[in-house]
Amino acid sequence: MLTFTYYVIDINVGSFIILIRMIQSNSSSITQNKKRCRLTNDPEEKVRILLELGQGLIHSNKNQAKKYATKAFNLAKERNNQKTIVHASNLLTKILRLTGKIDQALKYSLVGLEFSRRMKDKRAEANSLNSLGAIYWHKGEFDKAIEIFKQSLSLCDKIKDEHAQARAYTNLGLLYWEKGNINMAMEFQKRGLEIQERLRDSFGIGISQINLGLIYGDMGDWDKAIECYYRALVEMEKLGNKTDSALCYSNLAEIYLRRGKLEKAKELFEQAIKNADLEPAPWVRAEALGNLGEAYFRSGDSLRAIDCYNQDIRLCHRTDDKEELAETYRRIGELLLHSGEVEQASKTLHQGLELVRLTGAKREEGNILRVMGSVYSKLNNPAEAKVSFQKGLRILIDFGNSYELGKIYLDYGKVLNDYGEREIALTYWYEAKEIFRRLGAAYELEIIESCLSKIGIQKDQASSFMKNLTNIINWSFSLAEFGQQVLKFLKDSLAFENGVLIINPNITTTIGNFSSEEIEKISRKRELQITPFDITCPLCIGRNRTGVLYLTWKESKPQPFTQPELGSKIGVRFDRTLFETIGNILALGIERIACHEETKPIKKSPRISFSPQMLVGAETSLKEIFATIQKAAPTKVCVLIRGESGTGKELIARTVHNLSDRSGGPFIPINCAAIPETLLESELFGIEKGTATGVSERKGKFELAHTGTVFLDEIGDMSLALQAKILRLLQEKQLERVGGRKPINVNIRIIAATNKDLEKAIAEGNFRDDLYYRLNVVSIRLPALRERKEDVPKLVGHFIGKYCREYQRKPLSVSEEAMARLINYSWPGNIRELENVIEQAVVLARGDQITLADLPSIFHQTGEKIFEYQQAKIQAKTEFQTLEKEFLIQALNQSNWNISKAAIVLNIARRHLYRLMKKYQIA
């Protein structure tokens, strides 16, 4: 599959520092240095200037940086200037490593080490060793890297170089973590962090915190790991270090992925990829892409998972990252196994196994052996399956009670149960259950509960059923998630056919098919009713009714009330007492989550439903918008929502849906800008079986939204061809899947949103005017947060409550100084940026109050300084664009205006180069 690497330009707090440095050095110093380099006849001065040019361009144009560093290296060799050879070698090593040219980097690193030893300069030798160790680490040769870092540490101890000591401790700690020696890893990391904090080295502190986050994650303390990653993020954003801030986002996202919070994980992985592209940092991008693919796979979106994995593989080959490549092969193997392509899965996994045995990455070897065990089971080879699982277990047990160990316990238990070895399977499942419960891995806990329910055997069944139902309250971040998890759990436990949970009147979650009339009828039921074929269970606290649960069973298979032997699977009788208890637990859960979200039921209209954020400003800044929503929602017209990114367009769309007669149907959001153009059509319209490798028949978003609403965010980024298909759908109420020929009738409402000027796009021929008029029947413009500053304190309070609950912290207040800075900030990222800032502050707050020290560095400036900063950002963006245009023209000239060659020089996709040429009007 063809893949692309995008170079994204985004000016924000983190990247601003890089841009200022780059502009200050590149637009003035670099220009001056180029001139000085041409005029000077002194070889020593020329070499020094060339090194300055190479160092100055390392973040903005690595190809140019390499060119200058190579010239400096060659001149230094001609004059046999050993000191300069070492400096040039180390600079070239860094540039080549960052661009993924590992073999070339290794060559120059060895040259630098050789000359540093000739000079008998221990400091230079230690630096060269550190550089060499980083290369072997990147190649996956961990034992070799450890040996080299220990040599560097020994030299650092002799010369009393604390910066180099800390760096060596940090690297050794992470390498021991890679090898599974958690105790040694923690010891070295803490030694390194202690030195970095004494030296007040922000970069070193950030790296140590990232590494500690990895170790705490393995120890099962995920909340502590999240705190470490956020502390690292603060330090990296102070420095404008996009590579390592991308790594922080990716690591944070991986915890959310393991906890089953897929949407949050996807958002953070996308941010990691975005930051990685700013440097660019291909190895971080590759890691984030692999994890993003797994998030899509867990969501059931195999097509987008495959696209992420293919991009990941391309990057791994380019950077020679064998460990990441092996992990990606394992993930593809799981996807192929899931799709029924068992033979291909086996071949792919064996490729991964060969790589990990070359690199010595034991953890990933254990993961691959786990999946291979399941593959052998599908191939009817029980002996090989057991051998594979047992080998994997021996490896992963050395990593302690980790997430990976829980996974192999879970999968081995499934295979043993299939072979009839139920008692042994139960032993593994209970071990896995304890690991996942401690970690809070809700996704895997649901799988285990399903496995246990299917075989009808549980320890302490009745209390386990009630305890697990109660635990769902703690797993859920929102009422919508609560509803989904409750029905999934009850489906596994009670084996009902169709079910609906209505949380008055905001949220309806269903399993099976219910018409809006049926849901309306169920919502009016007030008493507990039990028959052989259905159960109605109102959810009440005292006289306050918060919802209703309704479950049905097939007539051929009545519910367990009439079949006591089925009721024994959860160890209780199916009677009124049971469902009264279930109703009480669910009602308490709804009240707890709703109170935490600061949700107030609106009694005047059973249709009205506002999300918590939308309540803020309902009586002031958003009053007219709410009036428009209430008029438009009950109709069938399309709505176009306009506003900057982060202003809450999706929340408005959800509110329109909840107020409409489609509120009982699904609401499906899709971000048109976040999905590659080649995949967007299949995402919207669905795909027929056999259209792509590893992809079975799949319904698209429009088909899944039948009787409900589709929210198309960033519609302005959609291609003209796809716009035509959307227009046809709106006119004919029919669609065809990708690769299919059968028309499918759909009944949906489309709500669209954009932050672009669609009228300008129409004038430029980039947006269809007929589609625009179809979508723009009712238009809503959302104000930016800087236009509604009176709502900032209320939003801050809401987000503090939300994240205090998520991270199990006591309620926090905000100091007057911190609140004043929050109110006076311009919020270019709007509500989304505010939410991220508050989440980070909640994690970092030391006491019972959020202070100025807990906010990002930009808030530490005075109002006047913030204004100066924002003005400088505008200037920086302008100058950056000027510089970027110059680089584009230079690359095009060098390649004789061959677009493919120029794209290779710039390390971007041809398609993206065409976009940049259009943006800067380069013909």
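**Notebook: a five-stranded sheet**

I looked up the sheet and found five strands in an open arrangement, ordered 7-10-13-6-14, with parallel pairing. Strand 7 (667-671) and strand 14 (778-781) are the edge strands; each has a single partner strand, so one side of each has no neighbour in the sheet. I noted the twist as well: neighbouring strands are turned by 20° against each other on average, with direction ignored. The model is predicted, and I keep that in mind for every entry.

As background, I wrote down that strands of a sheet pair through backbone hydrogen bonds, in a parallel or an antiparallel way.

Next I looked at one pair. How many bridges join strand 6 and strand 13? I found four bridges between strand 6 (residues 639-642) and strand 13 (residues 749-754), in the parallel sense. Within this pair, I641 has A753 of strand 13 as its bridge partner.

Then I checked the helices. Helix 30 (residues 649-659) packs on the sheet and touches strand 6, strand 7, strand 10 (709-713), strand 13 and strand 14. The direction of helix 30 makes about 155° with that of strand 7. Helix 29 (residues 623-632) lies across strand 13 and strand 14, and runs at about 155° to strand 14.

Last, I looked up the whole chain. I found 41 helices and 16 strands. Of the 923 residues, 57% are buried. Among contacts with a separation of 6 or more, 66% join residues 24 or more positions apart. The chain exposes about 40,100 Å², and carbon and sulfur atoms supply 50% of that area.

Terms used:
Residues are numbered from 1 along each chain as its sequence is written. This is a predicted model: local features need pLDDT of at least 70, side-chain atom pairs count only at pLDDT 80 or more; totals for chains, interfaces and linings use all residues. Side-chain values use heavy atoms; hydrogens and water are left out. Two strands pair if DSSP finds at least two bridges between them. Helices (H or I, at least four residues) and strands (E, at least two) are DSSP runs, numbered from the N terminus. Axes are lines fitted to C-alpha atoms, for helices over the stretch in contact, and angles run from 0 to 180 degrees between N-to-C directions. Contact means heavy atoms within 4.5 Å. Buried means under 20% relative accessible area, exposed over 50%, partly exposed in between (1.4 Å probe, protein chains only). Accessible areas come from the Shrake-Rupley method with a 1.4 Å probe; for residues, only the protein chains shown count as cover.
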